[in-house]
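Got your viewer open? Take this tour one selection at a time, and keep the mouse handy.

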Amino acid sequence: MKRSELIIDEEKISSFFFDGMILAIGEPAPMSIVRLCLQNKIKKLTLIASGIALDVLIAAGQVDKVISYIAAGIPGTPILPFYRRAVENNEIEIWECDEGILTTGLDASGKGLPFLPWRGGIGTSIPELNSDLKIFNDPIENERLIAVPAIVPDLAILHADKSDAFGNIQHCRGPGWLDLFLWRASRKAVVQVEKIVSNEEIRSNPWATTISEPTGIIHQLWGAHPLYSRGNYITDKKFIEKYFDLASAAVKNGNRQEYDQFVDKMFLNPKSHTGYIDEIGIESFLGLGEYPV
């Protein structure tokens with residue numbers, strides 16, 4: 001049986017977006033694909049995400065609902081600025097959860113079940129804040145548990161170290177915390193990788209393979225920037241700090257001009273990943289090696 005190559009391009013990924021979709025973003029976020037989502041102006045998103053990817057999509061007015069166990073910024077910015085403003089102004093719906101509830105819902109989807117039980121959250125206000133969570137007594141031990149409904153993303157976008165052309169994915173030093181849950185739960189999954197390698201290299205260490213045969217893979221060197229990619233580069237702290245400084249100021253002062261100029265320059269104006277690399281500059285990328293030389 002002949003295997004099919006799964007390498008796709010930015011145009012193909014864009015065809016997977018649609019208004020009202022449930023979009024799941026792994027960590028570190030595949031920022032080159034996040035930029036595509038911004039550029040395509042996808043509306044009414046239900047977003048499973050955290051960090052800068054979550055904040056910038058909310059700021060763009062593309063998000064109606066958020067499913068996230070953490071909405072933290074960086075030291076000095078404990079809560080994402082545009083997330084906080086949107087919540088305080090009732091501009092987005094929050095599906096209240098913790099890590100266990102989120103992964104339980106994703107696990108239910110991955111197993112093809114309508115729900116799975118979870119113990120965490122009993123005795124807290126989470127079930128009161130999230131009417132989708134149902135408290136019940138289990139039929140075996142009569143213990144009070146929470147029934148968490150399946151969470152089924154339409155598309156998961158993930159980042160990894162490398163893949164062969166057939167979609168055998170390998171993360172460096174293990175996958176992101178939610179990545180495997182998101183992959184198993186989603187109707188479609190696209191993985192952005194730093195390197196495309198031979199099938200022989202993948203087969204030389206098969207136990208390192210974390211994901212097999214996603215919907216597609218895209219080769220984007222430095223594709224997670226300004227975030228990190230384990231084994232390749234560290235977070236661009238200057239970029240991240242500037243983003244959150246501008247976002248915080250925009251929310252505090254009610255003036256988005258500088259913030260919008262920055263987002264236009266870095267996220268919207270580059271019409272390809274190559275254009276983004278040109279905008280940042282190769283010297284900046286070379287200064288982000290994971291280990292100093």
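Is Tyr69 buried or partly exposed? Select Tyr69 and have a look, keeping in mind that this is a predicted model. Tyr69 is partly exposed, because its relative accessible area is 31%, and buried would mean under 20%. You'll find Tyr69 in the loop between strand E3 (63-67) and helix H4 (81-88).

Now add Ile70 and Trp177 to your selection. Together with Tyr69, these residues form a nonpolar patch on the surface. The patch has about 280 Å² of accessible area in total.

Next stop: helix H2, residues 31-40. Eight of its ten residues are buried, so H2 is largely enclosed by the rest of the structure. Colour the buried ones if you like: Met31, Ser32, Ile33, Val34, Arg35, Leu36, Cys37 and Leu38. After H2 comes Lys41, with a positive phi near 55°.

Time to hunt for hollow spots. The whole structure has two cavities of 30 Å³ or more.

Stay with H2 for the second largest cavity, since H2 gives the most to its lining, with four residues. This cavity holds about 50 Å³ of space. Select some of its lining residues, including Glu10, Ser32, Arg35 and His273. The lining divides into two nonpolar, four polar and three charged residues.

Last, head for the largest cavity, with about 70 Å³ of space. Among the residues lining it are Glu27, Pro28, His159, Asp161, Cys172 and Arg230. Sorted by class, this lining has four nonpolar, five polar and three charged residues.

Conventions:
Residues are numbered from 1 along each chain as its sequence is written. This is a predicted model: local features need pLDDT of at least 70, side-chain atom pairs count only at pLDDT 80 or more; totals for chains, interfaces and linings use all residues. Side-chain values use heavy atoms; hydrogens and water are left out. Patches are made of residues with over 30% relative accessible area and no salt bridge: like charges are joined within 9 Å, nonpolar side chains (Val, Leu, Ile, Met, Phe, Trp, Tyr) within 5 Å. Accessible areas come from the Shrake-Rupley method with a 1.4 Å probe; for residues, only the protein chains shown count as cover. A salt bridge is a side-chain nitrogen of Lys or Arg within 4 Å of a carboxyl oxygen of Asp or Glu. Helices (H or I, at least four residues) and strands (E, at least two) are DSSP runs, numbered from the N terminus. Buried means under 20% relative accessible area, exposed over 50%, partly exposed in between (1.4 Å probe, protein chains only). On a 1 Å grid over the protein atoms alone, a cavity is a set of points where a 1.4 Å probe fits but cannot get out, and a pocket is an open set with protein on both sides within 12 Å along at least five of seven lines; lining residues have an atom within 4 Å of a point. Grid points are joined across faces, edges and corners, and a volume is the space filled by probe spheres set on the points. Ala, Val, Leu, Ile, Met, Phe, Trp, Tyr, Cys and Pro count as nonpolar, Asp, Glu, Lys and Arg as charged, and the others, Gly among them, as polar.
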